[in-house]
Amino acid sequence: MQSLQDKASEWSGVAAADAFAIDDGNIFEALGGTPQPFVDLSTNFYTRVYEDEEEWFREIFAGSKKEDAIQNQYEFLIQRMGGPPLFSQRRGHPALIGRHRPFLVTHRAAERWLHHMRQALDTTESIDADSKTKMMNFFRHTAYFLVAGNEMTRQQSQGVACKHATSKPAE
């Protein structure tokens with residue numbers, strides 16, 4: 001069985017080494033050791049998402065307040081890019097697959113999400129070109145990691161047996 005990371009690399013076209021190049025240094029420190037670049041990116045991104053022309057895509061986010069989505073994302077990014085663990089302190093372990101389980105994370109949705117993230121990165125002047133490249137590789141790989149995780153959890157919830165399943169169905 002192919003691992004979620006392997007599927008993410010295959011579907012995203014981003015090798016794991018490139019996706020996790022964000023760990024080769026400390027992007028948070030490289031961007032000045034302040035939350036502002038991440039706040040700017042997340043605000044820019046979610047403004048685009050909540051104003052998306054595609055209703056099907058906006059519907060994915062309809063149950064969340066824009067301000068909460070912005071805060072969750074920038075706190076996660078700060079933490080993941082080498083800054084303080086703001087997200088974990090407030091919300092617990094990131095558990096990306098579990099937190100995204102309520103949403104239908106498909107290939108199409110991943111591409112639309114990435115479209116907005118690329119635009120947000122391109123227009124966030126406080127992030128340098130090298131960091132943008134590393135971050136976009138991470139985002140692309142992670143988006144498809146979530147697609148793979150979504151497919152796996154949907155299959156499990158539809159009764160597709162895993163190797164630990166018993167032969168007797170639940171009553």
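**Rings around helix 4**

In this predicted model, ring pairs tie Phe20, Phe45, Tyr46, Tyr50, Trp56, Phe57, Phe61, Trp113, Phe138 and Phe139 into a cluster.

Me: What makes the Tyr46 and Phe61 pair edge-to-face?
Reply: The count comes to 11 aromatic pairs. For Tyr46 and Phe61 the centres are 6.0 Å apart, with 75 degrees between the planes. Pairing needs centres within 6.5 Å, and an angle over 60 counts as edge-to-face, so the label fits. The pair links distant parts of the chain: Tyr46 sits in helix 4, and Phe61, 15 residues away, in the loop between helix 5 (55–60) and helix 6 (66–80).

Me: And why is the Tyr50 and Phe61 pair called tilted?
Reply: Here it's 6.2 Å centre to centre and 55 degrees between the planes. Stacked means under 30 degrees and edge-to-face over 60, so 55 lands in the tilted range.

Me: How do you know whether Phe61 is buried or exposed?
Reply: Its relative accessible area is 12%. Buried means under 20%, so Phe61 is buried. Tyr50, at 24%, misses that cut-off and isn't over 50% either, so Tyr50 is partly exposed.

Me: What puts Arg108 over the face of Trp56?
Reply: Arg108 lies 3.9 Å from the ring centre, and the distance limit is 6 Å.

Me: How do you know the span of helix 4 agrees with what's expected?
Reply: At 1.5 Å a residue, the 15 residues of helix 4 (residues 36–50) should span 21 Å, and the end C-alpha atoms are 21 Å apart, so the two agree.

Key
Residues numbered from 1 in each chain as written. Predicted model: local features only at pLDDT ≥ 70, side-chain atom pairs only at ≥ 80, totals over all residues. Heavy atoms only, no water. Helix = DSSP H or I, 4+ residues; strand = E, 2+ residues; numbered from the N terminus. Expected span 1.5 Å × (residues − 1). Buried < 20%, exposed > 50% of the residue type's maximum accessible area, 1.4 Å probe, protein only. Lys NZ or Arg CZ within 6 Å of the ring centre and 35° of its normal.
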